[in-house]
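User: I'm new to this one and would like to know how its descriptions are justified. Could you walk me through them?

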2 protein chains.
Amino acid sequence: MKLLIVEDDQFHASFMVETVGEILPEVSEITHVANGGEGEEEAKSGEYPAVILDLQMPGRNGVEAARTIWAAHPETRILFWSNYADEAYLRGITTIVPETSAYGYVLKTTSTNRLGLALRAVLIEGQIMVDREINRYHQRATTPRSTLTESEFSVLVDLALGLTDKLIADRRAMSLRSVQNRLLSLYQKLEVDDEGGAFNKRTRAVNRALLTRMLNVETLIAAERELGPWYAKKLARSK
Amino acid sequence: MKLLIVEDDQFHASFMVETVGEILPEVSEITHVANGGEGEEEAKSGEYPAVILDLQMPGRNGVEAARTIWAAHPETRILFWSNYADEAYLRGITTIVPETSAYGYVLKTTSTNRLGLALRAVLIEGQIMVDREINRYHQRATTPRSTLTESEFSVLVDLALGLTDKLIADRRAMSLRSVQNRLLSLYQKLEVDDEGGAFNKRTRAVNRALLTRMLNVETLIAAERELGPWYAKKLARSK
DNA sequence: AGCTAAATTGCGGGAACCCGCAACAGGTTT
DNA sequence: AAACCTGTTGCGGGTTCCCGCAATTTAGCT
């Protein structure tokens, strides 16, 4: 079985190569590339039933790479690993993972034991496995900040891109007032409080989302790339 | 000579220990801790003339750790190393480095050669050394986006914290209109354009600053911690 | 001291934002 | 069928933001 490793940090890459060598005798050949673009290129061949993807990389990040890989080969099993337990990543992954495939998400700080377990479970057995450290964010109803719905999240992204209410309404195909309602519930869930005119709710919400790792810069970069074409088309349409 | 290494990634830490062992025979003893808080604690003893600090760490980050270390022992030589060439880090460092000391800033992706050079130059010779990849950001007048002044930057931080114009004016001790002038020049330098009502300049500016790495989340976390006490005092005052 | 460029502040108004109130639709429960 | 919960939309007005205009202060230079 051939395995593709996409990882820009050479120390982490060599550690991963070594670990896989020890734990997965099924793997006959390991290819290692150092960024998302090369990873997509390499995976295009369809020779890799299993891929390990770093999430934060210069250029195209892991989620974007996964999207194009899965678009061409939906059965590919992908193990993501990352420095951070950002909810934004998990959200990005779960919305693009195909039914037919398997994925995993482990932190780089996990023990070698748990990493080995994930390697086997996801890449060999085709299970879905998410590090409990990450999952913690996803479903703790105990905290005041509850999870966002899908539509709330997309409005949050647009907000963080710096769009006006009107343009968000346009993009997400809803009325202006609905957008503002979404924002209202966002403010509540992010615990954004006016405090008597001390805070600008709009930017404060972005701040809270970033600090709670509900949103991250990589996601914004990717979102910006998606916004570009849409906006250009809109301009052409309105002329 | 005793050396303190503060680094949360174990692979990077062991690589650094190894490299130092090879390149700096002057170092007789290496202590390694895994986060900023422990680093400050360890450095309090004053036994370390030289420190190597990772910048992004869970909990207290490298810039904050450096501040407390330098506050107690201003002659300490500190080499920062980081995954990212964020202008925000460099700005944070240059504003706190004491006259009597030396510092360096290298990327984790630099060659072992250059890293060795920096180790010797900064920790042994007491020079100041900044990776050219980072310095690039600092002083390229050629790009449309020119560098921010100190006061523009502080307004940018407050903006990203989600404060209103009024509160920024209060905090930075200037008039409301001045704050707005600062914002105006910020918008220009960050190339924030209204585009006929499509963008909210406020959030768009934060977005641009984050994507160009002029600002980063770690800086925001630190800024939030500074804001807290001031705001509490203000509330008490106004009562 | 005197002159000029740059920065600071006040004023005013148009636009966007924030949100309470209220009407309405679709789906679920009783 | 009636009550109910959730999500969408319009309207109105109070607030903040954005910025042109103009007067004033500060900083830098001769």
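User: Which residues are closest to DNA strand D, and how many surround it?

Analyst: This is a predicted model. In it, 15 residues surround DNA strand D, and the closest are S178(A), N181(A), R182(A), R177(B) and K201(B).

User: What makes the pair between R182(A) and DNA strand D a polar contact?

Analyst: A polar side-chain atom of R182(A) sits 2.6 Å from a phosphate oxygen of the strand. The cut-off for a pair of N or O atoms is 3.5 Å, so this pair counts as a polar contact.

User: And which atom of DNA strand D does Q180(B) reach?

Analyst: A base nitrogen, which lies 2.8 Å from a polar side-chain atom of Q180(B). Elements giving two or more residues to this surface are α9 (176-189) of chain A, plus α9 (176-189) and α10 (201-211) of chain B.

User: What classes of residue make up the surface near DNA strand D?

Analyst: There are three nonpolar, six polar and six charged residues.

User: How do you know that β3 and β4 of chain B pair?

Analyst: Pairing takes at least two bridges. Strand β3 (residues 50-54) and strand β4 (residues 77-82) of chain B have five, in the parallel sense, so they pair. L53(B), for example, has F80(B) as its bridge partner in β4(B).

User: Why are β2 and β6 of chain B called edge strands?

Analyst: The open sheet of chain B runs in the order β2-β1-β3-β4-β5-β6, with parallel pairing. β2 (29-33) and β6 (129-130) of chain B each pair on one side only, and that makes them the edge strands.

Conventions
Residues numbered from 1 in each chain as written. Chains lettered and ligands numbered in written order. Predicted model: local features only at pLDDT ≥ 70, side-chain atom pairs only at ≥ 80, totals over all residues. Heavy atoms only, no water. Near = heavy atom within 4 Å. Polar contact = N/O pair within 3.5 Å; in protein donor to acceptor, adjacent residues only side chain to side chain. Helix = DSSP H or I, 4+ residues; strand = E, 2+ residues; numbered from the N terminus. Nonpolar A, V, L, I, M, F, W, Y, C, P; charged D, E, K, R; others polar.
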